[in-house]
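Hi,

Here is the structure I said I would pass on. Have a look at it before you read my notes underneath.

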Amino acid sequence: MTVHDVDQPTKGWSGLGGACKAGGVREDVTGDLFALLEATDPAAVGVGHGVNLQGSMGGGIAVLFDRRFDGLAQAYAQACRSGALRLGGALPFLTAEGRLVYSCASQVRPGADARLDALAGSVTAALTHAASVGLQTLMIPRIGAGIGGLDWQKVSAALDVVAADSPVRLQVVTLPSG
């Protein structure tokens, strides 16, 4: 198990937002994250989600990640206990099917505790690792804006900037309304 951190979660991210610059691609997709993921090649597409540093996957979409990816919750909890996963870092987990799942440390505690700089840093760490292993796409839900408590407009602007610096396509998946 290798945890990928960024020394400065805000490196390359000004917090000002804006559209993707040349070089990176951010796509917004509407649908069921897991259904969309099933239609992709595990060797080309990874998936990430936001986590806290307490080792708890008891709420929100983390519960679905725990159910879907056997062993993920245990590896994540161990990384939290050992201190290997730090705020702004990402834990890559390789599933039995060969898919990389990234636990992006965007907050210290469960609940409305997400930090925008940590979220940007953790997604940057996940994208950096994804690029190093040849993934083409990283899919994420609307990370940090649910239970994490962040304003979606600010998160979206941060993700634009993060995606602009990566050769890996960042797909942000939103559930359909209604």
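What follows is a walk through the fold, the sheet, the cores, the salt bridges and one loop glycine.

Keep in mind throughout that this is a predicted model.

**The fold in outline**

The chain contains 5 helices and 6 strands. If you read along the sequence, they come in the pattern β-α-β-α-α-β-β-α-β-α-β. There are 178 residues, and 47% of them count as buried. Among contacts with a separation of 6 or more, 74% are between residues 24 or more positions apart. As for the outside, the accessible surface is about 8,200 Å², and carbon and sulfur atoms make up 49% of that.

**The sheet**

The 6 strands make an open sheet with mixed pairing, and their order is S1-S6-S5-S2-S4-S3. Which strands are at the edges? They are S1 and S3 (90-94), each of which pairs on one side only. Direction ignored, neighbouring strands are turned against each other by 25 degrees on average.

At the S1 edge, S1 and S6 run parallel and are joined by 5 bridges. If you want a spot to look at there, valine 29 stands opposite valine 173 in S6.

Two helices are worth a look against this sheet. Helix H2 (residues 61-68) packs on it and touches S2 (45-51), S4 (100-105) and S5 (137-141), with its direction at about 130 degrees to that of S2. Helix H3 (residues 72-82) lies across S2, S3 and S4, and runs at about 145 degrees to S3.

**Two nonpolar cores**

As background, nonpolar side chains tend to be buried together in soluble globular proteins. Here the largest nonpolar core has 25 residues, and the members that touch the most others are Tyr102, Val123, Leu138, Leu159 and Leu170. The elements giving two or more residues to this core are S4, helix H4 (116-132), S5, H5 and S6. H4 gives the most, with 7 residues.

Leucine 170 is a good place to centre your view. Not counting residues up to four places away in sequence, leucine 170 touches Val25, Arg26, Glu27, Val123, Leu127, Leu138, Ile140, Leu159 and Ala163. Apart from the largest core lies another one of 24 residues, and its members include Leu33, Phe34, Tyr76 and Cys80.

**Salt bridges**

Side chains of opposite charge can pair when their charged atoms come close. I count 5 salt bridges in the model, and three of them are described here.

One of them joins the side chains of arginine 26 and aspartate 160, at 2.7 Å from N to O. Arginine 26 is in strand S1 (residues 26-30) and aspartate 160 in helix H5 (residues 152-164), so this pair ties together parts 134 residues apart in sequence. Are these two residues buried or exposed? Both arginine 26 and aspartate 160 are buried.

S1 also takes part in a salt bridge between arginine 169 and glutamate 27, with an N to O distance of 3.3 Å. Arginine 169 lies in strand S6 (residues 169-174) and glutamate 27 in S1, so here the parts tied together are 142 residues apart in sequence. Arginine 169 counts as partly exposed, at 31% relative accessibility, and glutamate 27 is partly exposed too, at 26%.

Arginine 109 and aspartate 113 also meet in a salt bridge, at 3.9 Å from N to O. Arginine 109 is partly exposed, with a relative accessible area of 49%; aspartate 113 also counts as partly exposed, at 25%. Through shared partners, salt bridges join Arg26, Asp28 and Asp160 into one network.

**A glycine in a loop**

Last stop: glycine 98, which is in the loop between S3 and S4. Glycine 98 has a relative accessible area of 30%, so it counts as partly exposed. What does glycine 98 contact beyond its neighbours within four places in sequence? Glycine 98 is in contact with Pro42 and Ala43. Glycine 98 and proline 42 are 56 residues apart in sequence, yet their C-alpha atoms are 5.8 Å apart in space.

Have fun with it,
and talk soon

Notes:
Residues are numbered from 1 along each chain as its sequence is written. This is a predicted model: local features need pLDDT of at least 70, side-chain atom pairs count only at pLDDT 80 or more; totals for chains, interfaces and linings use all residues. Side-chain values use heavy atoms; hydrogens and water are left out. A salt bridge is a side-chain nitrogen of Lys or Arg within 4 Å of a carboxyl oxygen of Asp or Glu. Helices (H or I, at least four residues) and strands (E, at least two) are DSSP runs, numbered from the N terminus. Buried means under 20% relative accessible area, exposed over 50%, partly exposed in between (1.4 Å probe, protein chains only). Two strands pair if DSSP finds at least two bridges between them. Axes are lines fitted to C-alpha atoms, for helices over the stretch in contact, and angles run from 0 to 180 degrees between N-to-C directions. Contact means heavy atoms within 4.5 Å. Accessible areas come from the Shrake-Rupley method with a 1.4 Å probe; for residues, only the protein chains shown count as cover. A nonpolar core is a set of buried Ala, Val, Leu, Ile, Met, Phe, Trp, Tyr and Cys residues joined through side-chain atoms within 4.5 Å.
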